[in-house]
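Q: Please take a close look at how the helices at the start of the chain pack against each other, and then set that part in its surroundings. I would like a careful account of angles, distances and strand pairing.

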Amino acid sequence: MDHSPIELLKRQAAERAAALVRSGMKLGLGTGSTAAHFVDCIGEKARDGLDVICVPTSERTRIQAEGWGLRLSTLDETPELDLTVDGADEFDSALRLVKGGGGALLREKIVAAASKRMIVITDASKEVAHLGKFKLPVEADRFGLVATRRHIEEAARACGCSGPVMQRKIAEDKDYLTDGGHPIFDCDFRLIPDPDALARALNAIPGVVEHGLFIGLASAVIVADVSGIRVVGQLEA
């Protein structure tokens with residue numbers, strides 16, 4: 001187990017979110033290094049008697065949850081969830097997020113939208129005054145990738161964003177593909193002046209499957225830093 005200072009902060013945020021969970025809840029389990037701590041917390045609580053149903057947002061999270069013996073479901077079987085807990089690559093004071101560094105943005109967004117509440121857990125390094133420091137992932141259909149990339153670049157320029165739009169690779173000659181079989185473009189804008197406008201513009205591109213701007217989904221962000229835990233937004237329902 002990694003006991004580095006940053007991982008200990010992530011664990012603290014995960015423990016605070018896990019304290020919100022009660023038996024009988026239907027949970028969405030996020031993907032990524034911080035969300036993995038939450039899965040561990042729920043797994044430990046389940047061994048002590050917590051009874052919950054969980055919908056994972058990725059194959060990686062499903063495998064981790066199965067390792068704890070958690071009861072798993074799908075959104076087809078359990079289409080309405082009480083709570084989703086997930087991490088973020090960055091967030092701002094308006095609870096707008098950039099997610100998808102781990103490649104699970106589509107399923108993460110579908111699960112979050114099916115939940116009554118989405119709580120984000122993170123360390124203070126992910127808090128930004130303006131989104132864009134982290135590369136914005138945009139998941140695309142494999143058909144017409146060159147045309148889709150051009151549309152993304154045009155939409156970005158119209159929204160005041162500039163920077164390279166690069167297809168994600170796992171090797172020089174091998175494309176990264178999501179669990180759904182889609183490639184991802186990573187957009188290195190560094191600054192997104194109007195995240196809401198960019199989200200609308202990306203949504204209008206036919207070849208875009210989903211993008212990593214999560215707007216209007218998070219109820220609260222639990223932030224762990226060296227001074228303790230603080231909450232941005234409304235934690236309780």
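A: For the packing described here, each axis is a line fitted to C-alpha atoms, taken for helices over the stretch in contact, and the angle between two axes runs from 0 to 180 degrees between N-to-C directions. Two packed helices are described by the angle between their axes and the distance between the axes. The model is a predicted one, and every value below is computed from it.

With that in hand, helix 1, which covers residues 5-18, packs against helix 2, residues 33-47, with the axes 8 Å apart and an angle of about 50° between them. Since angles under 35 degrees count as roughly parallel and those from 65 to 115 as roughly perpendicular, helix 1 and helix 2 are therefore classed as oblique to each other. The sense of the crossing between helix 1 and helix 2 is right-handed.

Helix 2 also meets helix 3, residues 59-67, where the two axes come within 9 Å and cross at roughly 25°. That angle makes helix 2 roughly parallel to helix 3, and helix 2 passes helix 3 in a crossing that is right-handed.

The strands can be added to this picture. Seven of them form an open sheet of mixed pairing, in the order 3-2-1-4-7-15-16. Strand 3 (71-72) and strand 16 (228-233) stand at its edges and each has a single partner strand, so one side of each is left without a neighbour in the sheet. Strands of a sheet pair through backbone hydrogen bonds, either parallel or antiparallel.

At one edge, strand 2, residues 53-56, runs parallel to strand 3 and is joined to it by two bridges; C54 has L72 in strand 3 as its bridge partner. At the other edge, strand 15, residues 220-225, pairs with strand 16 in the antiparallel sense over six bridges. Strand 15 and strand 16 form a hairpin, with two residues between them, and V223 has R230 in strand 16 as its bridge partner.

Strand 1, residues 26-29, contains K26, which is partly exposed at a relative accessible area of 28%. K26 and Q167 are separated by 141 residues in sequence, and their C-alpha atoms are 35 Å apart in space.

Two loop residues deserve a look at their backbone. L95, in the loop between strand 5 (90-91) and strand 6 (97-98), has a positive phi near 65° although this residue is not a glycine, and L95 is buried, with a relative accessible area of 14%. R190, in the loop between strand 12 (184-187) and helix 6 (195-203), likewise is not a glycine and has a positive phi of about 70°, but R190 counts as exposed, at 62% relative accessibility.

Lastly, the rings. The structure holds zero aromatic pairs, yet there are charges placed over rings: K109 lies over the face of F214, at 4.8 Å from the ring centre, and R168 has its charged end over the ring of Y176, 5.1 Å from the centre of that ring.

Key
Residues numbered from 1 in each chain as written. Predicted model: local features only at pLDDT ≥ 70, side-chain atom pairs only at ≥ 80, totals over all residues. Heavy atoms only, no water. Phe/Tyr/Trp six-rings, centres within 6.5 Å; stacked < 30°, edge-to-face > 60°. Lys NZ or Arg CZ within 6 Å of the ring centre and 35° of its normal. Pairing = 2+ DSSP bridges. Helix = DSSP H or I, 4+ residues; strand = E, 2+ residues; numbered from the N terminus. Buried < 20%, exposed > 50% of the residue type's maximum accessible area, 1.4 Å probe, protein only. Parallel < 35°, antiparallel > 145°, perpendicular 65-115°, else oblique. Left-handed = near helix turned anticlockwise from the far one by under 90°.
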